[in-house]
Structure formats: C-alpha cells, structure tokens
Amino acid sequence: MSYIKDIINQVIENNPGEPEFHQAVTEVMESLQVVIDKHPEYIKAGILERIVEPERQVIFRVPWVDDQGKVRVNRGFRVQFSSAIGPYKGGIRFHPSVYLGIIKFLGFEQVFKNSLTGMPIGGGKGGSNFDPKGKSDGEVMRFCQSFMTELYRHIGADIDVPAGDIGVGSREIGYMFGQYKRIRNSFESGVLTGKGLIYGGSLVRKEATGYGLVYITDQMIKAGGKSLEGARVVISGSGNVAIYCAEKVAQLGGTVIAMSDSNGYIYDSEGIDLDTIKQLKEVERKRIKEYKEIHPRAEYHEGTFSIWEVPCDIAFPCATQNELDEKAAKTLVANGCFAVAEGANMPSTPEAVDVFLSNNVLFAPGKAANAGGVATSALEMAQNSMRYSWSFEEVDARLKSIMTNIYRNISTAAREYGHEDNLILGANVAGFIKVAEAMMAQGIV
Ligand code: NDP
C-alpha cells in the first residue's frame, strides 16, 4: 500500500487547496492496490503517476457585458485529462463554486466513467464560476459567446468534445455551438453534444443520465432480491439528471415522494407531479418551493440537503458533490433505505459511503451509475459522423444495453478482485484497466 499512499501524498502536495480532487484521486487509488498486485508492469510504466496528472489544463479570462452595460469578468477552465482511449470528452459546468479543483476532480472521474461506457472516449471537463441563475437570456448568450471565443481553440470532434453539466443545458449548448460555428465558418456538429434535436442533437440525450441511472439501479436491486415496483423514492436536485431519473422511476412503478433544489425540498406523499417540476424548472427557471403553490397538499422544507431526512426505500443523490454526508447516510439507514445510486458526481462523502457499505445498503457509485449521459453523448457523436439520426427507441435500447454491460462489468470486476458487493471497487478497477492497457500500448506519452 505504500506505493499507492505515496501517489496520493504526491497528488495532495502537487495540487494544494483542491480537496475535491484529492478526494476523487484517493478513492480511486485505494481501489487499485489489488490491480497493481496483479500487474506490477503498471508500476514500471508509471501508469499511476501519469494518470493523476492532466494532459493539459487551460485557464482563461471570460469578459462579458451585463444588461446594465457593466463589464463583468469570469474565469473559464478546460482540463483535458486523458486521451488514452479517445478524444477528451466531458461536460461544462457553470456554477459560482467552480474553481480548478472542482474541474480536475470531475475530469479525473470522467476518465474512468468514459472507459466504463465501452465507447472510444477519453476524459476531460470544463466550466466557469459564472452563475446563470437570475441572468437574462441575453446575458447568458453573451457569456457563452465569450467563453467559446477562447474555448474553440482547444476543442474539435477528434480533439475534445464538451457537453452540459450543472448550469449548462440546451440553451447554453445552443449559444456555444452558434459561436463555434461562426468562428470556424464550418458546421462541425461533432464538436459539442447535448445539442438541440434540429441541429444535430440525439434523441434520448436529455433523458439519458437519469434513465441510465434507473436502468442500472434496477439491475442492482433485482440482483439484491428487491424491486423498484412500489418503492418510495427520494431524489435530490431538480435539474436534468433528477427530472429524468424521476420520470423513469415512475415508469418502472416507484413513487417519487421528495425532490429538492439548493434552497430546500418538497415532500408530496402522494407522489410528485413531474409535469409541474418540469414546468417550474425547465421552462420558468423558478424555485422548487413554488410547487406548493400549485399542489397545496405538499410540504416545503427550507435547507440545502435536508432532503435526506425523508424516510425512503431508495435514494438518488442527483444534485452535486458531497451533498450526502455521514449524518445523512446514518439517517437514511435508520429509516430503512436499502439502496443508494449516485446520479451526481461524488455526491456521497467517503464517510457516508462507509456507512452504506457497513450496513449492506446496495450502492451504485456515480462513475458507473451516471455514465448513461456521456454514453449517449458518444451515440450523438456517432450519429453526427454518419449524418444520420436513430429513433428514440433505438437510442434508448442502446442506452439500456450499455448500462447492462456496465453493471455486468463492474460486478464481475468486484468479484474477480475479491470484493463481491463492492461496486465502487468494481467500477474503479474495470474503468482503470482499459485506460492502463491503452497507456501501456502507446508508450510513455
Ligand atoms: P442541473 O444544473 O440541471 O441541476 C442541478 C440541480 O442540483 C439543481 O436542482 C440545483 O439546484 C442543485 N444543485 C447544484 N449545485 C448545488 C449546490 N452546490 N448546492 C445545492 N444544490 C445544488 O445539473 P445536472 O442535473 O446536469 O447535474 C447534476 C449532477 O449530475 C452533477 O453532479 C453533474 O456533474 C452530474 N452529472 C450530470 C450529467 C448530465 O448529463 N447532465 C451526466 C453525469 C453526471 P439550484 O437550481 O437551486 O441550483
């Protein structure tokens, strides 16, 4: 373990003030001792030293003018982490909490997630500390145009293909694509994914992360002798991942009783009306507490991440990193929750994960459970290359089969490496080996 510990210590030393990145690296590295024991050649080739260092990091100024004519300046990032198995691929996040450490943790996670999809995509991530909340469409457009005016130099269909993430949905992707096309004077549809359907987007991409999350959860809980049918479900967040997770849960017979945003959560014992959530969040961009105005039977509770106090059978954290801590995990367990599947990236703290594993809660880690989004982005890239579109049913069937394969591969890896019920270990190991083998084949680059 001392070799692995040295790697972790080096990362902490070389990347000061980036706790989320340290956390993501530590979790993966601690899983890899079993792999290193079987493959000492990885040590000689410096695979671990190289895999924790991004291939390239770009930081840039993003100036724009607000509706009052005031000049504003944000910071933009793109971290191109690994191109071992394909062009860099990963979303762009716009949120005031964004700084280099967040983008590096997300880019690092993305390397293994993308490998798990079985598609030829490397790992990267980008973003800005820009807050789209409360901004007009004009302000968001001007910001996106300025962001792309620098980013375009670093991306391309065979180089790096960004997509959405927190604060970046179809509106933002549309503005960024428009600016890229204008600068390049070329309609390169494969340069961004999550595009609108009428200009190169893929059916099911919008739904993919949430649907995929539920497909893999369904497999995991069936293997554990349980069912989604009749389950009471709590989902944090009310963004892209949360909404389509809720839609698929309802289709498979579960009842979603609570959802949240960064101000608080709503509890509706009869089951949340998803059309109201979609109208409030996707169309009107309002706060979730407005739900109570439309459905007075519901309760609204203030407080970020207080949603975990709602008793449930299955919990889907779908908001952001470290939103579910040890106390919340203990509350979920005490209330009888039997499964947790991560829609967000790294939503459970390491202490929370320990609580779940030691209480035999079925646990699907984000890098496997939310991989349906990027997998469908890769399907969007394939359709763009063919200049052809598949039907909703065709893409959905492919997504389902990708999630089934991920579940099979991570549970097989967990078993093979001696930790049958630990899908975290399975996901880290299965994701890592493919990237490591590609790095071995390509020499010291
Ligand atoms: P959205 O911006 O669509 O929604 C995010 C939701 O989470 C909102 O309800 C938001 O509340 C809440 N939230 C975000 N940040 C915070 C915070 N710091 N504190 C409290 N609440 C917060 O994002 P997505 O649904 O796209 O992403 C959610 C998670 O899923 C992220 O971790 C992302 O990395 C991950 N993910 C997304 C994929 C995708 O395809 N979109 C793919 C794979 C993973 P509010 O509106 O109040 O800010």
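These notes cover the domains, sheets and helix packing of a predicted model.

1. Domain layout. The chain is divided into domain 1, residues 54–187, and domain 2, residues 207–369. Their C-alpha centres are 27 Å apart. Contact between the two involves 13 residues of domain 1 and ten residues of domain 2.

2. Five-stranded sheet. One open sheet has five strands in the order E1-E2-E4-E3-E5, and its pairing is mixed. E1 and E5 (160–163) are the edge strands, each pairing on one side only. From one strand to the next the twist averages 20°.

3. E1 and E2. Strand E1 (residues 56–65) and strand E2 (residues 71–82) run antiparallel and are joined by ten bridges. For register, Val62 has Asn74 in E2 as its bridge partner. The two strands form a hairpin with five residues between them. Within that turn, Gly69 has a positive phi of about 85°.

4. Further pairing in the five-stranded sheet. E2 is also joined to strand E4 (residues 123–128), by six bridges and in the antiparallel sense. Here Phe77 is matched with Gly127 of E4 as its bridge partner. Strand E3 (residues 88–94) and E5, by contrast, run parallel and share four bridges. The bridge partner of Gly90 is Pro162 in E5. The mixed pairing of this sheet can thus be followed through the antiparallel E2 and E4 and the parallel E3 and E5.

5. Seven-stranded sheet. A second open sheet is formed by seven strands, ordered E9-E8-E7-E6-E10-E11-E12, again with mixed pairing. Its edge strands are E9 (299–302) and E12 (362–364), each of which pairs on one side only. The twist averages 15° from one strand to the next. Within the sheet, strand E6 (residues 232–235) and strand E7 (residues 255–260) pair in the parallel sense over three bridges. Val234 has Ala258 in E7 as its bridge partner.

6. Helices on the seven-stranded sheet. Helix H9 (residues 205–223) packs on this sheet and touches strand E10 (314–316), strand E11 (339–341) and E12. The direction of H9 makes about 150° with that of E11. Helix H10 (residues 240–251) lies across E6, E7 and E10. Relative to E7, H10 runs at about 170°. E10 is touched by H9 and is also among the strands that H10 lies across.

7. H16 against H17. How are these two helices oriented to each other? The axes of helix H16 (residues 372–386) and helix H17 (residues 392–416) come within 10 Å and cross at roughly 135°. H16 and H17 are therefore oblique to each other. Their crossing is right-handed. On the H16 side the contact involves Gly372, Ala375, Thr376, Leu379 and Gln383, which meet Val395, Arg398, Leu399, Ile402 and Met403 of H17. By class, this contact has six nonpolar, three polar and one charged residues.

8. H17 against H18. H17 also packs with H18, at an angle of about 105° and with the axes 7 Å apart. H17 and H18 are therefore roughly perpendicular to each other. H17 contributes Tyr407, Asn409, Ile410, Ser411, Ala413 and Ala414, while H18 contributes Leu423, Leu425, Gly426, Ala427, Val429 and Ala430. By class, the residues divide into nine nonpolar, three polar and no charged.

9. H6 against H18. Helix H6 (residues 100–116) and helix H18 (residues 423–442) pack with their axes 8 Å apart, at an angle of about 85°. H6 and H18 are therefore roughly perpendicular to each other. Val111, Phe112, Ser115 and Leu116 of H6 meet Ala427, Ala430, Gly431, Phe432, Lys434 and Val435 of H18. The class count for this contact is seven nonpolar, two polar and one charged residues.

10. Residues of H18 in two contacts. Which residues of H18 meet H6? Among them are Ala427 and Ala430. Ala427 and Ala430 are also part of the contact that H18 makes with H17. Both H6 and H17 are roughly perpendicular to H18.

Definitions and conventions. Residues numbered from 1 in each chain as written. Predicted model: local features only at pLDDT ≥ 70, side-chain atom pairs only at ≥ 80, totals over all residues. Heavy atoms only, no water. Axes fitted to C-alpha atoms, helices over the stretch in contact; angles between N-to-C directions. Parallel < 35°, antiparallel > 145°, perpendicular 65-115°, else oblique. Left-handed = near helix turned anticlockwise from the far one by under 90°. Contact = heavy atoms within 4.5 Å. Nonpolar A, V, L, I, M, F, W, Y, C, P; charged D, E, K, R; others polar. Pairing = 2+ DSSP bridges. Domains from an automatic or database assignment.
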